[in-house]
Each structure stands twice: as structure tokens, then as C-alpha cells.
Number of protein chains: 4
Amino acid sequence: MNKEFKVGVLGATGTVGQRFILHLHNHPFFKLVALGASSRSAGQPYIKATRWKQSKPIPESVKDVIIKECTTENFKDCDIVFSGLDHDVAGPIESGLREAQVAVFSNAKNYRRDPLVPLVVPLINTDHYKIIPAQQEPLGLKKGYIVANANCSTTALVVPLAALEKSFGPLELVQATTLQAISGSGYPGLPSLDILDNVVPYIGSEEDKMEWETYKILGGINPDMKSFEYHQASPLKVSASCNRVPVIDGHMVCASVKFASPNKPTPEQVMEAFKNYKCDAQSVGAPSAPAQVITVHEEEDRPQPRLDRDHQNGAGVNVGRVREDSIFDIKFVVLANNVQIGAATSSVMNAEVAALQGYV
Amino acid sequence: MNKEFKVGVLGATGTVGQRFILHLHNHPFFKLVALGASSRSAGQPYIKATRWKQSKPIPESVKDVIIKECTTENFKDCDIVFSGLDHDVAGPIESGLREAQVAVFSNAKNYRRDPLVPLVVPLINTDHYKIIPAQQEPLGLKKGYIVANANCSTTALVVPLAALEKSFGPLELVQATTLQAISGSGYPGLPSLDILDNVVPYIGSEEDKMEWETYKILGGINPDMKSFEYHQASPLKVSASCNRVPVIDGHMVCASVKFASPNKPTPEQVMEAFKNYKCDAQSVGAPSAPAQVITVHEEEDRPQPRLDRDHQNGAGVNVGRVREDSIFDIKFVVLANNVQIGAATSSVMNAEVAALQGYV
Amino acid sequence: MNKEFKVGVLGATGTVGQRFILHLHNHPFFKLVALGASSRSAGQPYIKATRWKQSKPIPESVKDVIIKECTTENFKDCDIVFSGLDHDVAGPIESGLREAQVAVFSNAKNYRRDPLVPLVVPLINTDHYKIIPAQQEPLGLKKGYIVANANCSTTALVVPLAALEKSFGPLELVQATTLQAISGSGYPGLPSLDILDNVVPYIGSEEDKMEWETYKILGGINPDMKSFEYHQASPLKVSASCNRVPVIDGHMVCASVKFASPNKPTPEQVMEAFKNYKCDAQSVGAPSAPAQVITVHEEEDRPQPRLDRDHQNGAGVNVGRVREDSIFDIKFVVLANNVQIGAATSSVMNAEVAALQGYV
Amino acid sequence: MNKEFKVGVLGATGTVGQRFILHLHNHPFFKLVALGASSRSAGQPYIKATRWKQSKPIPESVKDVIIKECTTENFKDCDIVFSGLDHDVAGPIESGLREAQVAVFSNAKNYRRDPLVPLVVPLINTDHYKIIPAQQEPLGLKKGYIVANANCSTTALVVPLAALEKSFGPLELVQATTLQAISGSGYPGLPSLDILDNVVPYIGSEEDKMEWETYKILGGINPDMKSFEYHQASPLKVSASCNRVPVIDGHMVCASVKFASPNKPTPEQVMEAFKNYKCDAQSVGAPSAPAQVITVHEEEDRPQPRLDRDHQNGAGVNVGRVREDSIFDIKFVVLANNVQIGAATSSVMNAEVAALQGYV
């Protein structure tokens, strides 16, 4: 890639925004030119407006950048905008930028269910970008569009599911119980009194998201390239139970799957399929793509959030305990770094693939 | 009950032993007369030999009791012995006491799978005591026997299952994912470096125990009163996935169930069945029996370990989030206090029922 | 006490208010008659308006009580009002009730520094009630007044200091470093991302409070009974460093003290003085007074928050590791339950003493 | 440095040993050639013998290295040996290697108080190497010697003290209260039941180490180069109180200091002195030396273990909250990464300086 793209970050003072800044620092072809936040922060240098909560320090080049309000006018010169905005404000800001011909890669949930917006986990379905012309057409756009990335717990689950479907054909049943990190609720997020020495067996609308987003991500695009073919058209059923646990970063999912085909793979074959799984982000050379999409752990007690969440900078997922299930066919444990591949890394990798494929 | 029984505690310096001592203190008809521990502790006053780890203080009456070695000779004058011994030593000590005509109520796993030893959760299957004569007969015993209580995570799961089968007939499928407290691994148990800011998705042989013990507890006794009718003879299949989480006390289980009958209850009917469930420990007036076996929580985010584990001194179980499941019929969350109803309280309540029913 | 007092609770839906409710439930001579909260909650039954965060369930008798707004009119028929209000609203509400002849016992900080309001730790200085007539006089009151209790970390420190001064005369230097529980910051209070696997070495204005409040509490009243004689008139200097740690309840303080007298007590003498310390709340028979004000632990690693915070329902304090200090004279560790003796229990015990001494 | 040194690691399977391996991987002039552990592990490939507990994966080049028993014979061909051995076995193994002409850099406590062994924090007193000839002489050695690094909590405290003495002359009083991470107790170390939701106000012999080691490190060498001049010869008194808190890595110390000189620096001058402090490890170009020895934080709530322990790979220390003290002169908070500069990084940096100064 011998081109450089001007990129902006919306919601730059929030926790996802801080991850975007770290991730984009020294990026080979994305050049960070604008930071946006609320009107309360606008006009201040970044270091004054943010409560930096990362263990890596703020990049020097960012400290004194003056924060702008998140208006179309302020970001229309960007080629790409990454949005770490809260969903209660993200909608009109993101669509405004799209109309200003900007490619918007969003971590917010607002457009995930839009029938023309690709919901993309970069380790799986960047081929959904083929819907982009159909998204632009009714708006009379040549350049701008919105690409959403998935919810963090969906991301953890769906990557091994994609690998399984690629090797063994359609899944019929997926049961998933999550143990999710507190960073998934943002900052200030969960009060400490609610989670220390505790588990909260409920995360608002998370179970519905995991079920619904999986259908869209694992689905395809209809031949007219104008609509998605949701996976629930196939016999797939997903049932999710979501829990919050006192872990900083790293969502775990205990998953059980049943294949549609009567030819069931063995646990060994499943592990091989996981190890061999490749994605387009790797083949097009996206800088953020992990060398190994799915790392398979063979120790009986791995993966674990604290020990495995930072492998490959959290850009891949970890799987372990692959074994037979007495009700389903196979069960296993997945761990994904919810603040990396579950959030900022997904958006950036999505944009890298889009840029390398000529969508920007 | 106008009789008093002499009781002893084996493994009295361990964490389960400490719970036995607290539980038996001021008991209406069990009189604690002997404490046993390893030869290393024998001969010392209790307060010197134990590292007391309970938030309630050591009862004054126990502090200066001299610890005995766990020999048959030392405990043969007890009517009842409670065993909090580790499984690596429990076997011969417990069977020796049985042969000395002592009723042994054990928290160890050694005899749980014995075809003549009842595996009893006192909130469910104290009717399994009918096997006791068959256990005594080949040994030529009139009085002694062994009763085992279940593994702590099994206990959490199986109480609501029993309530469901009582109201709606046999279950066909049970999927259970646990989030288990660290106290389940005893003391010193899990190293802090393994669990702080972490989840361990593996507990040695726990998944197998949950599956197998459920078959025995939910099963019956054959008409000859000489053998158990294990529940897997019915179409029941249990699949368990076990995780350790950074919680002090209180095992949570996310459970999904499918009924054998085509007439499926609604979530509301399931909640009613849970609320109305009664057990023999209540009807015979066991002092440790909870007023309510299953407490149903209607808030969307309950039960939670820290807030709900101490209801009714941890003698019942808590259920919440009862809802439909897109793969199974119904899913819900259970919380049981693993160190109370999951351990010491079970043994004591089992013995109370046995005493009240004339088995001691 | 053969009289019954009508009491109300302000801020009844907050964490301190919930503790007041539990504490006043079944009280021998305080009868809870009114609950107050913000206008948002007013008019609702208590169980609907509160997010109950206690491990003991809501008393049945309280569930359906209709919450009132915290106006003078609504609470003027109470003999006593307990205030768990936030300091940003507590001021005028508390003074309004005082003028309506109500005795107000407040956990808020607003009047702690008022030169006519007693700042009372019930285990130490209920004799400061002698200032009450001087507080009432300029307002022309016969009955109403305000009594404040101390900040939770001050309370932990100052009880052993009072015991030391009583036995060995004035202190000259006190160095205190705290390790404070998260419940001290209320609810929602500290975000979980700030404290899990972390320490925060700063608590806003806490160090200043610990220093200043200690001077007032350990001081006396001038002979005219119209003003306090602050302790810093003596050579006492207090230096505090405050830290937040990932502990639910229980503030620890590592304290070092230097006596003014050249006759230094030994650690053994200090432990004796702690054990023998008595207070007026005990001698007048306050129902909430602990049997032992200061529990001295002789194990080298006690007290510990999780194991010792609930002794005597958290109504006393725990001291351990009493030893010589190479710079000061003596150092030791104190633990106090910040939500009991550090908050609600203090207010209630203060009111009990006031009632028993005829101030109500 | 255009020379390469053959280095070995003793105790290679332990937590400090694992850190040594990560630290020495790709080192510019230390080449790892031998790994030693107990006879139980000897003969096995490293990956089989170790339970790897680091979030960075095992270097590929190390996985299949066969572990040797820690005998003199097995390590005598190394130029340098790093010892992460437990103190109960370290003594004779380390002295045996010294006699075999090997330079031993030890994290164990065995020789720290030896009157001829330098106790070196590489950010402070590598000039103590001048004692090495006096250590070798009575043993008739030309090459081998032992250098110890300090206890992890001592290291945190003593770096800012050294900076203060360099700028403002001798200290008279140092009061230190620690909040120490669980990794300081090794693996398995502290049981999780002891520290979750808890503080343990005692760490065996830690307070004594902090006091005594500080005297040796801040002291000098007598003119004959044959003995140390301990700092307690000056009026310095250190008083330490040590606590364990539920934090993975990173020891915090709340320190108060009094200077001997009547000219007291202001907090601003102290911050300047911290910022400007340099050490020999920097000037000789030790690869592990941090760019900034002491990072001064100006936010009121920093440093914090989770956010600041990994700055500069944990090779420097962090200071914050520099302010006046009403009893001493100045108080502040220090944070040091106990597993990096408090352990393995210290040994490696000590060896780097020794190599660069010609001691190897």
C-alpha cells in the first residue's frame, strides 16, 4: 500500500476511542488527522480532555491535538472515520459523514441491523463489502458508506463457528454461555460494588445481539448483491446466556455446537480445522491481521483471560477444551480480547481490508 | 425430638470441618463430643491446631477440645460422625466407623458411586435411605452405615431439576455451564495468581461428577430395595461445562432443560413449580431445613453470589432468569451456597432427617 | 427504656439508608415510621424505589412503606431522624428539621465542622452532647438539634487513639496510612475498571478529614459548655495517607503513634489498655453498643477485613500487630467496618445514647 | 559491547525463572545456554517441566531445551548464572558456582547480608561492585563472585530515597507503609481464599528486610574497599509496615521522609530531583536500563499498579502525590513492578553493568 489515508476518530476520549488512538499510532498507511468528542471536550488539547485509562502511555503526537466537535463539517476531509461513539449519539453523526462521502467504520450498534450495512468481523466476512454499492445507490453516493463491527461477545463466538462451517458445513444448533469482562461495559461502566466477589447473570440485550448478529455474519449476500441472506434461513438456532464476571479484559464463551450433516467431525478434526482457518484480512495483508486467526490450546485449563488475552495483541481468538458433547456434537471454550478484536481492532482491520481492496 | 445424639467431626481443622463445627454449635439434638484430625494435630487443643478461616468466631466451647486422631477406636462411641476428610484418607476411616456401628455422613467423594450407599441431597432424595438395610446386610450390621452428600456443583443444579421433574415429568436434556466459587477447592486450594482477574475453564473431574451424580440422585430405588435405578435408564442426558471464577462463596449454574413430555410448561408455570417445591427435610421438621427450598428471583439480574448466597443461611437454593430457550425448552440461573447446602449443611440436614426418621 | 421513639430515615434508598433500615428493624425502642428519599422516589412503595444491595433481605414491614419527599413537613412528627443524605442536599433539610424540634443524627459531612454541632463517635465522645443546649440557644430551640458522626476512616483511627490517651495521656504524633474499602464511596461509587487488580492512592479530601476530625473528637468542651476545645491546641499532629483497595467492606489503618509523656508504654501495656477500654454507650446500655469496644488480635496476620469486619455486627473495632516503632513509640493495625461503626451504626448508637441520657 | 557471554538460569521453571527467560530472549550480548531446575524436572524439555504463567508465550528457542540439575558441574561453563532459586536451596548452589569462577547474580536472599556480597539495586549502587575483589580474595578467586539484588519492596522504596539523598543530603527518618502485590509471594504463593476481598497486614520478615537492606544499599564502601559502611551509621531510621493487597503485580509504598539538613526542599524541588535522577546503568548503556529512572506523576490519583506498572517494561519506578507532611518533611507514593525491577530485571541489569564495566 503506497497510499496514505487521512483518518479521524469519533468518541476519542472514551475507552474505545483511546484504543483507536493506540492502534492507529504509527500505522503504516492510516494517518490520524482529527479527534472528535462531545462539545464539552471540544477546543481542549487531547491530554486535558481525556482520562487516559490505558497501560500504554498517550502517544506524544496526540497529547496536544485539539479536540473537535463531532460534526460533519469537522470530519468531512477524512477518508475514513472510526466511530467509538455511544449509540445514543452515533446515529445521525455517522450517517451525516456517510453523506459527506466519508467511509465510516463504527463500533456502535446503531446500523448493525440495517439491511444494507455490512456487519463485519474482519476475521470472517469482509466479503460482505460487496453490499456497499447497494448501500450507496439510494443515497446517490460514490464514496461514503457505513461498515459496522459486531458486538464483542458475538465476535468471540462467531469466529470458531465460521471455521467450523467452512470445514464441516452448516451448523444446526449453537449453545453459548458467556463469562464477560467488565471492560465490555465501558467507563465508568459497572460499579465495583456490583462485581467484586460476584457474578452478574445478566447483560442488557446481549443475548439477543449474540443470536441475531450471528445469523447476519454467518450468512451470505443474495445474488443480486442488494440484500443479505441471513443464516437463520438455514436450520441454525443460537441460544445464548450472558454473564458478567470480575475480569478486566477478555470474554470467554463456553460453546456447544451441533452440525447439520450426519458426518460428525472428531475433536481432533475440529482442532485441525481451527488451526488451519484463514481469512481475507490475512491474504490481503492487513497490517492488524493476526498470523494465526484461531490459536488452539491443548492444555486442559486454557485459554484463560489473564494469560491469553494479549496473544497477538488480541487480534485473534483462542480456543481450548475441544471435546465431545453428550447432547450436541462438540463443545469448546473460546476467549477473545473484547477491547481489541471485540472492538477497536475489528474496526481498524475492517478499514485496512477495505482500503487494500479499493473500497476507500 | 427429645433424644440427644453424640456426634463427632472428622477433618475438623479443615474448611468443611470448621463449617460443621459452626453448624453443630447449639444444635437442638446433636451434641458435639469429639473432634478428629490428622496425627499431626492430634493431642492439641482445637484452637492451636486449626487456622480458623470463618468470619464467625470459634465457639468458646470448642476452643479447648483436644483433637483426636481419626481412628475407629476414638469415635466408636459416637452415634453419628460427620466426615470432612479429604478423599485420599476418607475411605478406610469411614468404612471402619461403619463397621463399628456408627452412622457416617460424609462430604467426601469416596462412596458416592457405591451401589449401596445413598447419595443424598437433603432437599431431594432422603427417601434413598431405604437402601440402608441392603447396605448393612452383607456386613452383618444393625446400626452403622454411610450416607454421602453430593458434590457442591451437582447440588446447585439438581435441586431445581428435581422440582421440575416433580411437576412436569421426566427431563430429557440438561445443559449446564457453571461459574464456581474458589472456596469449592478448599484451603489452600486455588493460588491467587491463578484466579485474580481471571477465569479457569476447567475443574478436574467436575463435569463428570455433575453428570453422573445427577443420574443417581434423580433416580429411584428398585422394588427389591437392594439397588438404585439410575436415571440415565430414562432418556435423560446431562452435559456440563465447569468454570472457576473469582468469587469467594456461591456456585452459579446457567442451565437449559428439555422435558420428555410434549406438553411444555411456560416460564410462569416453571416459576410456580419452583416456588411450591417442598421436601421431606421440611415435612419431618429438620432444624436445618430452609423455609423455602427454592427462592425465585424476579429481578432480571438476580440471583448473584454476593447478594444471595446467605439467604436462609445458605440452606436453600436461588433461581432466577427463568425464560424460554430457543434450543431447549426453558433456561434459568441457579445459585447455591457451595460451603453450606453444597457441603456441611447437606451432611447435617441429611443426619437430621435420618435421626427424625429413626435411622439413628 | 420503657419509652418508644418515632424515627424516620432520610436518604432511605441509598446504601447508608438501607443500613439504617436493617439496623432499625426490630429495634427495642426506636420505631421506624417514615422513609424519605428524592422527589423522584417519593410516592412509591419502598421496594419499587430502591435497588436493594444488602445481603440480608428487605424487612417485610418496610417493603410497602410509601416513600416521602424529604421535607420538614413530612418528618416533623418524628422524634428522631437519621440522615443518610448526600452532602449536596443534606444541609438545609437537616437544619430545617432541627428548627422543627427534631433530633437529627446525620452521617453527612455538612455540619461536622460547625462550632456548635457535636461530632460524635459513639465509642468515644458522647459527652460532647453537653454542647447541645448551646447549639439550641441561639435558635430558640428546646428540643431539636443536629449530631454528626465522623467520617468512616476517622472512626477507625480515632477509637484506639482515644483508648491510648485515656490510659497513657496525650498523644503527640499520629501517622496513619489507610487501605479503604470500596463501599466507602457509596453506590455506584468507584467504577470497577478503576479498582479491580489495582490500588488508588487518593481519596478526595479524606486525608484532611482524618486529621481535622481527630482534633475535634479527641478534644473536649470548654468550661462554659459553649465551645469545643480542639485537640490540636495540645501538641498533637496527625498525618494521614489514604488509599482505596479492592475490598468490599472494612477500612484498615496502619497507625504509628508517639506519646507526649516520656514514660512510654510497652506493646503489652498498650494491648491491655485496648482490651480494657470502655465507653459510655456501654455503661448506659445502648442496644447497639458492642460488648468489647476494641478486640485485640494476637495472631501475627490479623485483623483482616474479610474475616473480622463482621465481629459484633461491625459495632466495635479490631486491632492487631501492636509492636514497637523505631521512629514513633508504638505501631499497630486497626480494622473498622466502614458501613457499620463507620456509618449507620454510629448514628443509631449516638441516638440510643442520647435517648438514654434524656436528650430526646 | 562486541562480546557475547554464556549465561544460565537456575530455578528456570519458577516465576522468577520464567521472567529471566523472557528477559534474556534476544538479549544483545547475553546468550542463554543452560536452564537449571530441581532433579524432578531435570532431563525434561523445558516446555514439559514448566507451568508457564506469563502472558507472553514461551520463546520458541527455549521450548525444547533440556533442563539440567542445578549442579556446579552443569553450569561451570557459563560466564554468568542468574539465580531464581528458593532460598532454602540457593545457598550452597550459588557458592559452589562462585568457586567454579562463575559470576552469580541472585534474586535469593541468602547472601544479601554477607559482609562481602554487594546488595545492588541497579538504579542506585552498582558502585558497590568495588567490593568484589575483597569477596574473591579469601577464596583465592580471580573470576567468580556473588551479587545479590534487593527484596522487591525494598527496591520500590530505596530508589526515590537514593534520589533524595543525592540532591538534598542524608535522610534522617523514613516511614514506609506498603501495599504489595500477590506475585511477590511466588507461585503457588498466597491462597486465593486469603486475599480476594481482603488485605493481609503481615508479610513474614518483610518489614525487617526493608529496614536493613535500605541501610546497606544507601550506604557506601569503606576506603579500604574491604567492607561496607552501613547507612545506619548516619542518623537514618527506617520504619516499615507491610501489607498484601489483591493486586497481581506492582508494589506500592506510601513513604514519608525527614531530611537531616535544616534546609528542607519544597515538593516542587523534590519532584525536580526525582525527574533529574540518573544512574550508572544508564551512563554505561545497560540495555535494560530505563530511559527515565523515576517517572513523576502529577495527576492526584497516580501512580496506580494496573495502569503504571508496565511503563518502560517495569524497569524504572513511578512516584506521585509528592506533598508536604505535617510530621515528616515530605510524603509521596512509589510504585515499582515487583516482578521486573523488583526481581528479574534487577539481576539482569546488574549483570549488564558488571559486563560493561569489565567485572565479567
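Let's start where two chains meet: R323(B) forms a salt bridge with E207(A), and their closest N and O atoms sit 3.1 Å apart. Keep in mind that this is a predicted model. Across the interface of chain B and chain A, the rule finds 6 salt bridges, and 29 residue pairs are in polar contact.

Which parts of chain B supply the side that touches chain A? Several elements each give at least two residues, including the helix α9 (206–217) and the strands β11 (251–259) and β13 (317–324). Sort the residues on that side of chain B and you get 23 nonpolar, 9 polar and 15 charged. Each chain brings 47 residues to the contact. Put the chains together and about 3,600 Å² gets buried between them, with carbon and sulfur atoms giving 54% of that area.

Now let's head into chain A. The unreviewed UniProt entry places the feature "active site" at C152(A) and H251(A). These residues span 100 residues in sequence, yet their C-alpha atoms are no more than 7.8 Å apart, so they gather at one spot.

Take C152(A), which lies in helix α7 (residues 152–168). Is C152(A) buried or exposed? With 11% relative accessibility, C152(A) counts as buried, because the cut-off for buried is under 20%. Leaving aside residues up to four places away in sequence, C152(A) touches E206(A), H251(A), N338(A) and G342(A).

Its partner H251(A) is found in strand β11 (residues 251–259) of chain A, and at 1% relative accessibility H251(A) counts as buried too. Among the residues H251(A) touches are C152(A), L179(A), R244(A) and N338(A). The side chain of H251(A) also makes a polar contact with the side chain of Q180(A), at 3.4 Å.

Definitions and conventions. Residues numbered from 1 in each chain as written. Chains lettered and ligands numbered in written order. Predicted model: local features only at pLDDT ≥ 70, side-chain atom pairs only at ≥ 80, totals over all residues. Heavy atoms only, no water. UniProt positions renumbered as here; feature names shortened; annotations may be inferred. Helix = DSSP H or I, 4+ residues; strand = E, 2+ residues; numbered from the N terminus. Buried < 20%, exposed > 50% of the residue type's maximum accessible area, 1.4 Å probe, protein only. Contact = heavy atoms within 4.5 Å. Polar contact = N/O pair within 3.5 Å; in protein donor to acceptor, adjacent residues only side chain to side chain. Buried area = accessible area lost by both parts, 1.4 Å probe. Salt bridge = Lys/Arg side-chain N within 4 Å of Asp/Glu carboxyl O. Nonpolar A, V, L, I, M, F, W, Y, C, P; charged D, E, K, R; others polar.
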